[in-house]
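Please read these notes with the model open beside them. They go from the overall fold to single residues.

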Amino acid sequence: MNNMQVLGKFLDQPILVSKFKKAVPAVLTGGAAAYTAYDALKEEKGKRKERALKTGITLGTTVAAALAAPHIASAITKRPLPANLNAVKTKNKELVDSFINTNETEKPVKDILNKSKEKILSFKEVKTLYTNVKEKPNGKEFLEKLIPSPENIKAKDIFSEIGYLSIYGAVPVAGGIAGGIASDITTDRKHWRKKVPNKIKEGSYQYLANIFMCNVGAGAALGLLEKAGITSKGARAAGMTAGIITTGIIGGSKIANFIGKNVIDPIFNKKKIREEMNEDVLDINFSDKKIKNYIYKSNPQKKEKERTPELLDISLHTDDIATVSLLSGLKWIEPALPIMYTLSGYRAGIGYRN
């Protein structure tokens with residue numbers, strides 16, 4: 001095995017992935033607390049307490065929703081959660097004991113095998129293991145069970161996961177919006193309603209552009225490649241990445257901005273628009289072109305800059321790239337989803353706009 005393949009297997013160790021998953025709640029909670037303190041300290045004296053309260057409520061609610069998301073999504077879609085750390089250790093112990101009992105192994109290799117039952121192997125140990133065990137009877141089969149290779153996914157696999165991932169991603173975004181509204185009510189009771197539209201618009205952007213539409217794009221692209229008989233992993237990865245960019249990053253942005261302008265703004269601004277236009281309340285149809293022109297064309301100062309993808313938004317597509325790469329070394333992405341979706345939820349909660 002070359003060093004890149006060894007690195008992939010090192011990162012794909014079920015024990016490593018499970019330990020990372022177990023650490024995520026502490027990482028998220030600690031990170032949220034640290035950011036709340038940092039954000040408050042940036043504020044001028046006299047306003048720091050209010051800022052800490054605002055950020056803390058928004059982030060706290062978002063983190064709680066992100067940690068609950070996989071359990072909620074699994075319960076609704078009947079998809080089992082990944083095995084926990086104890087289950088992985090039990091499986092590894094059974095595999096290793098069975099292999100050692102049926103194969104002669106040198107002491108250094110046996111020591112590595114015994115370590116793999118409960119601990120993470122180093123890069124060097126993974127390389128030694130694959131170099132010495134692969135050629136033994138049932139060696140390949142044993143290694144495949146100890147550190148499984150990534151599945152060669154098909155379009156139907158992605159589409160079967162869309163329901164799960166859609167719920168998974170929606171929960172932190174909804175939690176962020178709820179937390180943001182709660183923080184505004186707590187710190188700015190007079191004006192909190194004015195801030196709701198931006199939260200919902202940002203939430204729709206995060207969900208459509210950074211979560212939902214990307215999975216649709218990857219699945220559609222892979223389906224077309226399969227229909228064309230293209231089996232090259234490189235071509236499949238390139239095609240699916242293009243699907244994510246066009247359908248998710250670009251298409252999702254356009255859809256979210258369209259919804260913001262044509263649905264969310266009219267819903268939340270009806271009363272104000274009626275007053276400014278001096279129209280009879282009963283005569284105004286907010287789907288009418290006259291109203292849309294008033295909001296977005298006839299009154300330039302009301303124009304809002306469209307939300308466009310930024311570097312942080314694009315970085316949130318790491319999970320999509322992991323799905324399409326068809327390479328090892330990326331199984332740790334799934335336990336990291338609560339961290340990435342917390343970023344989306346928090347941005348929705350603060351009503352982030354360009």
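Notes on a predicted model

1. The second largest cavity. This is a predicted model, and the notes start with an enclosed space inside it. The residues lining the second largest cavity are Gln13, Pro14, Ile15, Asn92, Ser116, Leu121, Leu146 and Ile147. Sorted by type, this lining has 5 nonpolar residues, 3 polar ones and no charged ones. The space in the second largest cavity is about 50 Å³. Across the whole structure, the search finds 3 cavities of 30 Å³ or more.

2. The chain as a whole. How many helices and strands does the chain have? The count is 14 helices and 0 strands. Read from the N terminus, the order of elements is therefore α-α-α-α-α-α-α-α-α-α-α-α-α-α, with helices as runs numbered from that end. The chain has 354 residues, and 42% of them are buried. Among contacts with a separation of 6 or more, 76% are between residues 24 or more positions apart.

3. The nonpolar cores. In soluble globular proteins, nonpolar side chains tend to be buried together. In this model the largest nonpolar core holds 19 residues, and Tyr168, Leu337 and Tyr341 have the most contacts inside it. Helices α3, α8 (155-187), α9 (192-227) and α14 (333-349) each give at least two residues to this core. Which helix supplies the largest share? That is α8, with 7 residues. Another core lies apart from this one; it has 17 residues, including Val96, Leu129, Phe142 and Leu143.

4. Thr55 in helix α3. Thr55 belongs to helix α3, which covers residues 48-77. Is Thr55 buried or exposed? Its relative accessibility is 3%, so Thr55 counts as buried, the cut-off being under 20%. Leaving out residues up to four places away in sequence, Thr55 touches Tyr35, Thr36, Asp39 and Tyr346. One of these, Thr36, is 19 residues from Thr55 in sequence, and the C-alpha atoms of Thr55 and Thr36 are 5.7 Å apart in space.

5. Val63 in helix α3. Val63 also lies in helix α3. With a relative accessible area of 6%, Val63 is buried. Which residues does Val63 touch, not counting those up to four places away in sequence? They are Leu28, Thr29, Ala32 and Thr342. Val63 and Ile339 are 276 residues apart in sequence, yet their C-alpha atoms are 8.2 Å apart in space.

6. Aromatic pairs. The structure contains 6 aromatic pairs. In the pair of Tyr35 and Tyr38, the ring centres are 6.0 Å apart and the planes meet at 50 degrees, so the pair is tilted. Why are Tyr35 and Tyr38 separated by about one helical turn? They are 3 residues apart in helix α2 (residues 14-42), which means a separation of about one turn. Tyr35 has 32% relative accessibility and counts as partly exposed. Tyr38, at 48%, also counts as partly exposed. The pair of Tyr207 and Phe212 is stacked, with 5.9 Å from centre to centre and 10 degrees between the planes. Phe212 is partly exposed, with a relative accessible area of 25%.

7. A ring cluster. Tyr35, Tyr38 and Tyr346 are linked into a cluster by ring pairs. Two members of this cluster, Tyr35 and Tyr346, appear in the list of residues that Thr55 touches. The buried Thr55 is thus worth viewing together with the cluster.

8. Positive phi in two loops. Where is Lys78 placed? Lys78 is in the loop between α3 and α4 (85-102). Its phi is near 60 degrees, a positive value in a residue other than glycine. Lys78 is exposed, with a relative accessible area of 71%. Asn138 is in the loop between α6 (123-133) and α7 (139-146). Asn138 is not a glycine either, and its phi is positive, at about 65 degrees. Since exposed means over 50% relative accessible area, Asn138 counts as exposed at 57%.

Conventions
Residues are numbered from 1 along each chain as its sequence is written. This is a predicted model: local features need pLDDT of at least 70, side-chain atom pairs count only at pLDDT 80 or more; totals for chains, interfaces and linings use all residues. Side-chain values use heavy atoms; hydrogens and water are left out. Helices (H or I, at least four residues) and strands (E, at least two) are DSSP runs, numbered from the N terminus. Buried means under 20% relative accessible area, exposed over 50%, partly exposed in between (1.4 Å probe, protein chains only). Contact means heavy atoms within 4.5 Å. On a 1 Å grid over the protein atoms alone, a cavity is a set of points where a 1.4 Å probe fits but cannot get out, and a pocket is an open set with protein on both sides within 12 Å along at least five of seven lines; lining residues have an atom within 4 Å of a point. Grid points are joined across faces, edges and corners, and a volume is the space filled by probe spheres set on the points. Ala, Val, Leu, Ile, Met, Phe, Trp, Tyr, Cys and Pro count as nonpolar, Asp, Glu, Lys and Arg as charged, and the others, Gly among them, as polar. A nonpolar core is a set of buried Ala, Val, Leu, Ile, Met, Phe, Trp, Tyr and Cys residues joined through side-chain atoms within 4.5 Å. Rings of Phe, Tyr and Trp (its six-membered ring) pair if their centres lie within 6.5 Å; planes under 30 degrees apart count as stacked, over 60 as edge-to-face and the rest as tilted.
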